[in-house]
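Trainee: I would like a close look at a single part of this structure, taken slowly, and then an account of how that part sits within the rest of the chain. Could you walk me through one helix in that way?

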Amino acid sequence: MREDTRTRIQEIALRLFTEQGYEATSLREIAEELGVTKAALYYHFKTKDDIVASLVDLRLTDIEELLAWARSRPKTPEMRRELVERYAAYLRRTRHLGVARFLERNQTALRDHPTLIKIRERMKEVTHEMSGPEATPVERISRSLALFGLHAGKWLALEGELSEEEIHKATIEVAMRLIEP
């Protein structure tokens, strides 16, 4: 029961933060939408920052697992291809898409959030792991753009023009071209 309530709070907060903006949404509004008192909400989350941290913790965990995997592998074309495929699979998760939209729409308000700073640092480390010390600047940047391209494809494809599967396949194809320029 406690986990269900926590999950509902996260879902409602995510929707309101995305629709209204992080700064414009209050804990009171979240509690009202959930149909509970503010005190009941405080039992699960003391602040909006606590809710944000809970929303992005899974993303941080996934990135840290990918980073650990990448560190354990030689820097080969095969490793880079598998890393792109693993990251692309992670991006397809429904929960990730909602959190990504929320973060994209609230960049200014969340720029200095500690969990998001950790995510940015870990993503830099992941892109660093895609290349050995002999990689040229063009190779390093191209490989970094491969991961960014997986994100961008989701946002840049016109809604309804392509299916989710077509977008997924196209973004992976583009990313694969970028990892070995």
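Mentor: Let us begin at the N-terminal end of helix α4, which is capped by T47, a side-chain oxygen of that residue lying 3.3 Å from the backbone nitrogen of D49. Please keep in mind throughout that this is a predicted model, and that the distances and areas I quote are computed from it.

From that cap, α4 runs over residues 48-71, and its 24 residues reach 34 Å from the first C-alpha to the last, which is close to the 34 Å expected at 1.5 Å a residue. The helix nevertheless bends, by about 35 degrees, at V56.

The residue at the bend also takes part in a contact with another helix. T115, whose place is in helix α8, touches A53, V56, D57 and L60, leaving aside residues up to four places away in sequence. As a general point, an α-helix has 3.6 residues a turn, so residues three or four places apart point the same way. T115 counts as buried because its relative accessible area is 10%, under the 20% cut-off.

Further along the sequence, L83 belongs to this picture as well, since its contacts, apart from neighbours within four places in sequence, are L66, W69, A70, V126, M130 and L147. The first three of these names, L66, W69 and A70, fall within the span of α4, residues 48-71.

These contacts lead to the interior of the chain. The largest nonpolar core holds 46 residues, and those that touch the most other members are I30, I51, L83, F102, L147 and L150. At least two residues of this core come from each of α1 (2-20), α2 (27-34), α4, α5 (77-91), α6 (94-105), α8 (114-129), α9 (137-156) and α10 (164-179). The greatest contribution is that of α4, which gives 10 residues. In soluble globular proteins, nonpolar side chains tend to be buried together.

For a view of the core from another helix, consider L150, which is found in α9. L150 counts as buried because its relative accessibility is 1%, under the 20% cut-off. Setting aside residues up to four places away in sequence, L150 touches V84, Y87, A88, L91, T171, I172 and A175. One of these partners, A88, is 62 residues from L150 along the chain, yet the C-alpha atoms of the two are separated by 6.5 Å.

V36 offers a contrasting case, for its place is in the loop between α2 and α3 (38-44). V36 counts as partly exposed because its relative accessibility is 30%, which lies between the 20% and 50% cut-offs. Apart from residues up to four places away in sequence, V36 touches A31 and L41, while K118, 82 residues apart from V36 in sequence, is 32 Å away in space, C-alpha to C-alpha.

Finally, we can set α4 in the chain as a whole, which has 10 helices and zero strands. The C-alpha trace spans about 55 × 35 × 30 Å along its principal axes, and 43% of the 181 residues count as buried. Of the contacts with a separation of 6 or more, 68% are between residues 24 or more positions apart. The chain exposes about 10,300 Å², of which carbon and sulfur atoms supply 54%.

Key: Residues are numbered from 1 along each chain as its sequence is written. This is a predicted model: local features need pLDDT of at least 70, side-chain atom pairs count only at pLDDT 80 or more; totals for chains, interfaces and linings use all residues. Side-chain values use heavy atoms; hydrogens and water are left out. Helices (H or I, at least four residues) and strands (E, at least two) are DSSP runs, numbered from the N terminus. The expected span of a helix is 1.5 Å times one less than its number of residues. The bend at a residue is the angle between axes fitted to the seven residues ending there and the seven starting there. A polar contact is a pair of N or O atoms within 3.5 Å; within protein, one must be able to donate a hydrogen and the other to accept it, and residues adjacent in sequence count only if both atoms are side-chain atoms. A nonpolar core is a set of buried Ala, Val, Leu, Ile, Met, Phe, Trp, Tyr and Cys residues joined through side-chain atoms within 4.5 Å. Buried means under 20% relative accessible area, exposed over 50%, partly exposed in between (1.4 Å probe, protein chains only). Contact means heavy atoms within 4.5 Å. Accessible areas come from the Shrake-Rupley method with a 1.4 Å probe; for residues, only the protein chains shown count as cover.
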